[in-house]
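Visitor: I would like to go through this model with you and ask how each label is earned. Could you show it first?

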2 protein chains.
Amino acid sequence: MKFSTKGTYGLRAVVELAMRYGDGPVSLSAVATEQGISEAYLEQLMRSLKTAGIVKTTRGKSGGYLLTKEPAAISVLEVLRALEGSTDVVDCVGSGANVCENACTCSARPLFLKLQSRINAVLAETTIGELTEDHIEQKKRIEHARLS
Amino acid sequence: MKFSTKGTYGLRAVVELAMRYGDGPVSLSAVATEQGISEAYLEQLMRSLKTAGIVKTTRGKSGGYLLTKEPAAISVLEVLRALEGSTDVVDCVGSGANVCENACTCSARPLFLKLQSRINAVLAETTIGELTEDHIEQKKRIEHARLS
DNA sequence: TCAATCCCTACCGTTTCACTCGGCTTTATC
DNA sequence: GATAAAGCCGAGTGAAACGGTAGGGATTGA
């Protein structure tokens with residue numbers, strides 16, 4: 001019941017892009033060094049984000065990554081889904097597909113359904129824009145504390 | 001971000017014991033066949049539950065497993081923790097210990113903290129007693145549908 | 001005594017995680 | 001038009017976890 005590092009790294013990378021939204025392409029190495037993530041590994045995550053349509057790229061010199069939408073229009077749910085495949089706590093709560101054969105008699109399923117809806121609510125209503133604003137605030141507070 | 005089968009199997013096993021609460025020890029094989037779980041595997045899970053103090057045992061012939069408390073006094077949180085080790089979505093939201101060094105500058109952490117508190121709320125407030133009652137209701141409905 | 005039960009340790013094949021590596025293509029710039 | 005900076009892509013890898021299985025012990029009621 002853990003998010004893999006993909007989720008955390010990927011969210012941090014997307015927030016990094018959000019902080020520079022409007023400033024043109026941001027290179028992989030810039031994001032990687034800023035966030036302290038292996039460049040080669042981050043590249044894989046960026047590939048997933050690109051496939052999901054969350055980021056786009058420009059190639060060649062001075063190329064890099066950009067968000068396809070404004071930060072406030074990106075939910076963390078879509079980012080996590082792109083990176084982790086799914087945010088379902090068990091397979092059988094997914095819409096449609098792989099509900100196990102004895103779902104209707106599984107005594108744990110009602111719990112998981114309820115839990116999943118709560119989780120999805122949080123993830124769907126939180127946006128990258130919010131995370132970014134919070135992060136900027138947090139950095140300011142640290143700076144103030146450092147100066148005093 | 002998945003619960004392993006341990007969580008699901010274990011919850012189902014505990015509900016099975018709850019349904020027979022007060023009837024004396026229930027054998028491993030009874031729980032295993034009733035729930036369609038491998039006996040040898042279930043035994044491991046039961047050991048975890050015993051270590052956590054959720055079930056107790058009597059050995060020898062006609063021995064078996066019993067809940068240590070009444071079903072309504074057992075939260076699913078404690079059951080899942082016993083089986084999965086922790087229900088934290090990332091290590092750094094845990095109380096105290098392994099908060100990563102740059103926690104205070106991690107842009108994803110506020111999200112995870114919020115998410116974790118919502119998850120814990122659901123898991124802590126839901127009891128085995130509730131799951132058991134729901135399950136009994138569900139079985140009744142199926143029986144009615146079958147007869148008509 | 002014997003059979004049913006729980007107790008324990010060890011193993012095992014598969015999958016996922018968290019990376020790394022090496023080579024390719026595209027493109028701005030000098 | 002060479003070159004260097006960037007993204008693109010497939011493959012490989014060591015470690016850990018998952019989801020079991022196997023086999024022998026210890027305990028106890030009949």
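Guide: What follows is a short talk about the reasons behind the labels.

Guide: Please keep in mind that this is a predicted model.

Visitor: Gladly. What makes up chain A, and in which pattern?

Guide: Chain A has 6 helices and 2 strands. Along the sequence they follow the pattern α-α-α-β-β-α-α-α. Taken along the principal axes, the C-alpha atoms of chain A fill a box of roughly 55 × 45 × 25 Å.

Visitor: Why is the relation between chain A and chain B called a two-fold axis?

Guide: A turn of 180° with a shift of 0.0 Å along the axis lays chain B on chain A, and the RMSD is 0.0 Å. That is the relation of a two-fold axis. The same surface serves both copies, since 100% of the contact residues of chain B recur in chain A.

Visitor: Which residue of chain B comes closest to the rotation axis?

Guide: B:M1 does, with its C-alpha at 2.5 Å.

Visitor: How many residues of chain B are in contact with chain A, and what makes a pair count as a contact?

Guide: The count is 30 residues of chain B against 30 residues of chain A. A pair counts if the C-beta atoms, placed from the backbone, lie within 7 Å. On the chain B side, α1 (5-19), α4 (76-84), α5 (109-125) and α6 (128-147) each supply at least two residues. The largest share, 7 residues, comes from α5(B). By class, this side of chain B has 17 nonpolar, 7 polar and 6 charged residues.

Visitor: Why are α1(B) and α4(B) called oblique?

Guide: Their axes come within 9 Å and cross at roughly 130°. Angles of 65 to 115 degrees count as roughly perpendicular and those over 145 as roughly antiparallel, and the value for this pair is roughly 130°. α1(B) and α4(B) are therefore oblique to each other. Their crossing is right-handed.

Visitor: Which residues make that contact?

Guide: From α1(B) come B:K6, B:G7, B:G10, B:L11 and B:V14, while α4(B) brings B:V76, B:V79, B:L80, B:L83 and B:E84. The contact of α1(B) with α4(B) has 6 nonpolar, 2 polar and 2 charged residues.

Visitor: And how do you know what to call the angle between α1(A) and α6(A)?

Guide: The axes of α1(A) and helix α6 (residues 128-147) of chain A come within 9 Å and cross at roughly 75°. The range for roughly perpendicular is 65 to 115 degrees. α1(A) and α6(A) are therefore roughly perpendicular to each other. The contact joins A:V14, A:V15, A:A18 and A:M19 of α1(A) to A:I128, A:G129, A:L131, A:T132 and A:H135 of α6(A). By class there are 6 nonpolar, 3 polar and no charged residues in the contact of α1(A) with α6(A).

Visitor: Let us turn to the DNA. What makes a residue part of the surface near DNA strand C?

Guide: Its C-beta atom, placed from the backbone, has to lie within 6 Å of the strand. For DNA strand C, 25 residues surround it, and the closest are A:S4, A:S38, A:G60, B:L28 and B:G64. Two or more residues each come from α1 (5-19) and α3 (39-51) of chain A and from α2 (28-35), α3 (39-51) and β2 (64-67) of chain B. By class, this surface has 4 nonpolar, 13 polar and 8 charged residues.

Visitor: How many residues surround DNA strand D, and which are the closest?

Guide: There are 23, and the closest are A:S27, A:L28, B:S4, B:S38 and B:G60. The elements giving two or more residues are α2 (28-35), α3 and β2 (64-67) of chain A, with α1 and α3 of chain B. The surface near DNA strand D has 4 nonpolar, 12 polar and 7 charged residues.

Terms used: Residues are numbered from 1 along each chain as its sequence is written. Chains are lettered from A and ligands numbered from 1 in the order in which they are written. This is a predicted model: local features need pLDDT of at least 70, side-chain atom pairs count only at pLDDT 80 or more; totals for chains, interfaces and linings use all residues. Two residues are in contact if their C-beta atoms, placed from the backbone, lie within 7 Å. Helices (H or I, at least four residues) and strands (E, at least two) are DSSP runs, numbered from the N terminus. Ala, Val, Leu, Ile, Met, Phe, Trp, Tyr, Cys and Pro count as nonpolar, Asp, Glu, Lys and Arg as charged, and the others, Gly among them, as polar. Copies are superposed by least squares on the C-alpha atoms of residues with pLDDT of at least 70 in both. Axes are lines fitted to C-alpha atoms, for helices over the stretch in contact, and angles run from 0 to 180 degrees between N-to-C directions. Angles under 35 degrees count as roughly parallel, over 145 as roughly antiparallel, 65 to 115 as roughly perpendicular and the rest as oblique. A crossing is left-handed if the near helix is turned anticlockwise from the far one by less than a right angle, and right-handed if clockwise.
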